[in-house]
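The following exercises concern the arrangement of domains, the ligand surroundings and the charge pairing in one protein. Each task is followed by a solution in steps.

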Amino acid sequence: MSKNSKIVIVSNRLPVHRVKRNRSYAWETSPGGLVAALKPILRQQPNTWVGWAGYPGAAPKPFEQEGIFNWPVPLSKDEVENFYEGFSNRTLWPLYHDAVRPPEYRRRWWWPYVHVNRRFAETAAEVVARNGTVWVHDYHLQLAPAMIRQLRPDVRIGFFLHIPFPPQELFAQMPWRRRVLEGLLGSDVIGFQTRLGAQNFVRLCRRFTDAHGTRDALEFNGQVTKAAAYPISVDVRRFEELAESPQVIRRCEEFREKLGASRKIILGVDRLDYTKGIDIRFRAYQELLRSGKASLDQCVLVQVAIPSRERVDAYRELKAVVEQYVGEINGEFAELGRPPVHYLHRSLSAEELVALYRAADVMLVTPFRDGMNLVAKEYVATKTDNSGVLVLSEFAGSAKELTSALLVNPHDIDGLESTLQTALNMPRSEQSRRMRAMRRVVKRNDVFNWANTFFEDLSA
Ligand code: F6P
């Protein structure tokens with residue numbers, strides 16, 4: 001196993017997940033652009049990916065899968081509760097997403113966060129080669145960069161935050177704010193999804209730590225950190241290829257036929273998370289149908305809600321609210337065999353997902369706050385014929401790049417309702433003009449470009 005890794009990736013979850021086949025378990029590579037983007041870079045050199053295997057208890061032995069060396073870190077049942085569900089997902093997650101649910105500050109969750117970060121840092125420090133590179137990912141592991149720096153001052157350390165970095169007045173609430181900032185300051189380069197995130201970080205460091213300087217050179221403890229925006233993206237070619245494959249085209253036609261060939265398909269695809277604005281989108285659709293400005297003959301809404309963090313109360317509550325909307329809208333407007341809402345509470349295969357994107361006339365992406373939102377970029381990548389309308393929340397990181405989408409404020413239900421109506425009636429020529437512009441943007445900065453740019457800056 002690769003103890004002398006030139007490059008080490010550290011993230012809460014490994015890039016693989018365990019699946020049960022017959023009576024034994026096997027590993028499968030998880031879907032998503034991050035793994036795809038890093039694979040070509042990792043395969044060129046001795047590498048290790050340090051992460052949690054996704055279930056509590058002892059960690060399995062390190063193993064190789066598709067050219068990546070996975071080094072599982074164990075989390076006990078208590079750590080899953082306190083580090084993952086508690087501090088990561090009940091303190092940091094809501095705080096970093098504009099406090100759309102109240103963040104909970106519990107001292108009994110902080111220490112598990114410190115201990116688990118140390119375990120990840122020690123593992124990375126153990127496997128990285130002399131003068132190697134460690135790239136830490138996301139909000140679960142913000143203390144790890146400084147811990148790694150202390151153990152291995154010879155290595156380059158990068159950090160990328162996949163979610164938003166909050167403004168001063170919110171971040172300042174957190175009792176452990178200085179510890180978190182100093183943890184991040186152990187990095188040589190810190191990547192954020194937007195420039196605003198990088199700005200928030202620099203201002204907070206100046207206010208709550210002894211760091212001084214600018215975004216390009218923030219000095220702390222005799223070390224210089226660069227904080228910048230690296231907007232993450234998707235594997236555009238893969239989506240294009242899938243979208244044009246015969247089986248996806250066939251599946252797309254089946255969907256269109258089943259849903260009613262003459263009806264416009266409105267699509268939502270999200271993890272079932274309260275930041276995504278799924279409830280608000282149902283509300284706008286319900287009001288549109290009630291107003292008579294759209295009817296069951298003209299449109300249908302398909303919502304894919306991928307189960308997520310199901311042991312956390314706020315997620316269970318959201319599920320109940322969403323399912324109540326589905327029931328209400330279908331109860332009020334359905335005809336036999338023809339519901340206005342199709343609700344799928346599960347994950348879909350990449351082929352099914354791309355077939356749905358291809359079939360969708362209108363894509364609704366309405367988060368209250370989102371680091372980037374890759375669903376928006378996936379939809380654009382899939383629309384090789386330049387058809388379709390993207391309705392996008394101005395509070396998603398992707399709105400900074402996809403400026404030709406129909407941008408909405410998800411808190412404004414009337415605005416959302418009228419934008420949905422505009423989207424349903426948009427002429428093909430305007431769809432095409434907007435989609436072309438958005439496709440240029442995602443093609444210029446795909447996920448490979450994102451990873452390469454970050455690595456270049458990290459090795460500079
Ligand atoms: O968007 C942040 C993120 O942590 C992603 O990296 C991840 O894919 C997603 O949320 C799901 O998170 P979890 O690991 O909690 O299932």
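**Exercise 1.** What area is buried between domain 1 and domain 2, and what percentage of it do carbon and sulfur atoms give?

Solution. The model under study is a predicted one.

Step 1. Identify the two parts: domain 1 covers 2-232 + 448-459, and domain 2 covers 236-444. Their centres, taken over C-alpha atoms, are separated by 30 Å.

Step 2. Count the residues that meet: 21 residues of domain 1 are in contact with 19 residues of domain 2.

Step 3. State the area: about 1,700 Å² is buried between domain 1 and domain 2, and carbon and sulfur atoms give 60% of this. In domain 1, the residues that lose the most area to domain 2 are W93, R101 and I232, which together account for 30% of what that side buries.

**Exercise 2.** Determine the polar and charged pairings between the domains, and the origin of the residues on the side of domain 1.

Solution.

Step 1. Count the pairings: three salt bridges are found between domain 1 and domain 2, and seven residue pairs there are in polar contact.

Step 2. Locate the contributing element: helix α2 (residues 77-96) supplies eight residues, the largest share of the side of domain 1 that touches domain 2.

Step 3. Classify that side of domain 1: its residues comprise ten nonpolar, six polar and five charged.

**Exercise 3.** Which residues surround the ligand, and how far is an oxygen atom of the ligand from a polar side-chain atom of Y84?

Solution.

Step 1. List the surroundings: R13, Y84, W93, D138, Y139, H140, I163, R271 and R309.

Step 2. Assign the distances. For Y84, a polar side-chain atom lies 2.4 Å from a ligand oxygen atom. For R309, the distance from a side-chain N or O atom to a ligand oxygen atom is 2.8 Å. For D138, the corresponding value is 3.4 Å.

**Exercise 4.** How many salt bridges does the structure hold, and why does the pair E126 and K3 tie together parts that are apart in sequence?

Solution.

Step 1. Take the total: the structure holds 36 salt bridges.

Step 2. Examine two pairs. R311 is joined to E81, with the closest N and O atoms 3.8 Å apart. The side chains of E126 and K3 also form a salt bridge, at 2.6 Å from N to O.

Step 3. Place the latter pair: because E126 belongs to helix α3 (residues 107-127) and K3 to the segment before β1 (5-13), this salt bridge links parts 123 residues apart in sequence.

Definitions and conventions:
Residues are numbered from 1 along each chain as its sequence is written. This is a predicted model: local features need pLDDT of at least 70, side-chain atom pairs count only at pLDDT 80 or more; totals for chains, interfaces and linings use all residues. Side-chain values use heavy atoms; hydrogens and water are left out. Domain bounds come from an automatic or database domain assignment. Contact means heavy atoms within 4.5 Å. Buried area is the accessible area (1.4 Å probe) that two parts lose on being put together, summed over both. A salt bridge is a side-chain nitrogen of Lys or Arg within 4 Å of a carboxyl oxygen of Asp or Glu. A polar contact is a pair of N or O atoms within 3.5 Å; within protein, one must be able to donate a hydrogen and the other to accept it, and residues adjacent in sequence count only if both atoms are side-chain atoms. Helices (H or I, at least four residues) and strands (E, at least two) are DSSP runs, numbered from the N terminus. Ala, Val, Leu, Ile, Met, Phe, Trp, Tyr, Cys and Pro count as nonpolar, Asp, Glu, Lys and Arg as charged, and the others, Gly among them, as polar.
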